[in-house]
Amino acid sequence: SPVFKHTYDVLWYDPFLKEKSPEDLPRAKFFKGLGIVIARSGWDKGDTWFSFKCGDYFGDHCHLDENSFTIYKAGDLAIDSGLYGDDFASSHWCNYYSRTIAHNTMLVYNPTERFYGYKMASLANDGGQEIKLWENGVRMAPENYIDSEPSLPVTWVKNKNKWETGEVTAYKLNKDYCYMSGDAAKAYDFRKLNNFTRRILFIFPDYFIILDKVGAQSPDFRKKWVLHTVNEPGIKDNEMIITDKDGRLYCKALYPKNGSINKIGGYGKEFLVNNKIYPHNGKLFQGNMPGSWRIEIEPLEPKNEDMFLNVLCASGINENKRYDIKKIESDNALGASIGLQDLTWVVIFNTGKDGRISYNIENKGRTRNLVFDLMPDKKYEIKYNGVIFNTLESDENGMLDFEMDKEGTVEITTSG
């Protein structure tokens, strides 16, 4: 008879369940309650693994990391940085590790914003999301702990809206790709930011297209797109190369048009926030990867509204890949084309407001067109070089998916 060593054994152990390969499991899963998407290109050692987080704040050990992602392929390529060295509420934990700056998401700097911790201790202004754990120096986590102060006015029951920080607003999975979008505006101080949506398309097995739309309350609030790495990244013009172990991540920044790309880190500067370093205690546990570098992409022209468009590709470190990635832009569309051996992916995001989209396809041969941010469950007429090509209905996420086999101009308008 089985020996139960843990409560979970009693709840979940089934001695009659036979081992089986995970191959028939879906390649992605959306955990709705947590706001987490986990996706992978397959189940082999060399496959690509990806995570995305955009959910609510649940308590002490939650990080301020809504709309963040990680990527692994034969190495830690896009990481959550910092270290939990069994030192909860340390200077490293409060000013870096749990904060937005340690994650692959967006920073928006309001120079007058203030962050406070326990007993009103002043914390670093990292440009990130609001601290939920302490308010006016008092612990205000949403859990109803037995030892919590009975006078705490903020709990899940009494004020649920306080803990709503993010939401996965779209999710779609099929055999070719996984698409998701998140809205993390509520995670930031409303006096600083009024909009932050992130759209991510994972084209199996290795490509990622990430579009961010960010709206600040002032054009003077600097916005930074952040990507953390273990090792020093290589940067040339708008292209970045990241390596770790046997893995390699290529990143091409397509938007904003005029943006700066900087790398920060290295020995003695690993956990830098506003020119101050917050080192960890060096207590590494198995699997810990604190990282040493980060990439920051920043628009040079001050504006309230900005968009960031980046295309990433994970590969083995010795793969000799050639990247055919081009920006596609018009008055009402922004996107990218990815040319592969027998197919070109054309990924378009609607940036207009009149229900019409037009864009040019330059690649010859077969193209797979994915058009996002349309009205859901609506019929659209697709024209190719002025001639009606097809009429399709958008899905519940406001997306169209169709193929073409010639270069030229595509126009999409509502039908009926």
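This is a short walk through a few strands, cysteines, charged pairs and one surface patch in the structure above.

Okay, one thing up front: what we're looking at is a predicted model.

Let me start with strand 31, which covers residues 400–404. On its covered face you'll find L400, F402 and M404, while D401 and E403 sit on the uncovered one. If that every-other-residue pattern looks familiar, side chains in a regular strand alternate between the two faces of the sheet. Who's the neighbour? Strand 28, residues 367–372, runs antiparallel to strand 31, and five bridges join the two. To pick out one contact, T367 has M404 as its bridge partner in strand 31.

Next up, charges. How many salt bridges does a search of the whole structure find? The count is 28. One of them is K53 with D65, where the closest N and O atoms are 2.8 Å apart. That pair links distant parts of the chain: K53 belongs to strand 3 (residues 49–53), D65 is in the loop between strand 3 and strand 4 (68–72), and twelve residues separate them. Are these two buried or exposed? Both K53 and D65 are buried.

Then there's E329 with K327, at 3.4 Å between the closest N and O atoms. Both ends count as partly exposed, E329 with a relative accessible area of 35% and K327 with 34%. Elsewhere, salt bridges that share partners tie K175, D176, R368 and D401 into one network. Within that group, the D176 and K175 pair has its closest N and O atoms 3.2 Å apart, and K175 is exposed, at 64% relative accessible area. And yes, D401 is the residue we just met on the uncovered face of strand 31.

On to cysteines. A search of the whole structure comes back with zero disulfides. Why does C54 not have one? The closest cysteine sulfur, in C62, is 13 Å from the sulfur of C54, so that's too far for a bond. C94 has a similar story: its closest cysteine sulfur is also in C62, 15 Å away, again too far for a bond. As for burial, C54 has a relative accessibility of 1% and counts as buried, and C94 is buried too, with 9%.

Last stop, the surface. Y8, L11 and W12 make a nonpolar patch of about 440 Å². Of those, L11 lies in helix 1, residues 7–12, and it counts as exposed because its relative accessibility is 54%.

That's my tour, thanks.

Methods:
Residues numbered from 1 in each chain as written. Predicted model: local features only at pLDDT ≥ 70, side-chain atom pairs only at ≥ 80, totals over all residues. Heavy atoms only, no water. Buried < 20%, exposed > 50% of the residue type's maximum accessible area, 1.4 Å probe, protein only. Helix = DSSP H or I, 4+ residues; strand = E, 2+ residues; numbered from the N terminus. Pairing = 2+ DSSP bridges. Patch = residues over 30% accessible without salt bridge, like charges linked within 9 Å, V, L, I, M, F, W, Y side chains within 5 Å. Areas by Shrake-Rupley, 256 points an atom, 1.4 Å probe, with all protein chains shown as cover. Salt bridge = Lys/Arg side-chain N within 4 Å of Asp/Glu carboxyl O. Disulfide = S-S within 2.5 Å.
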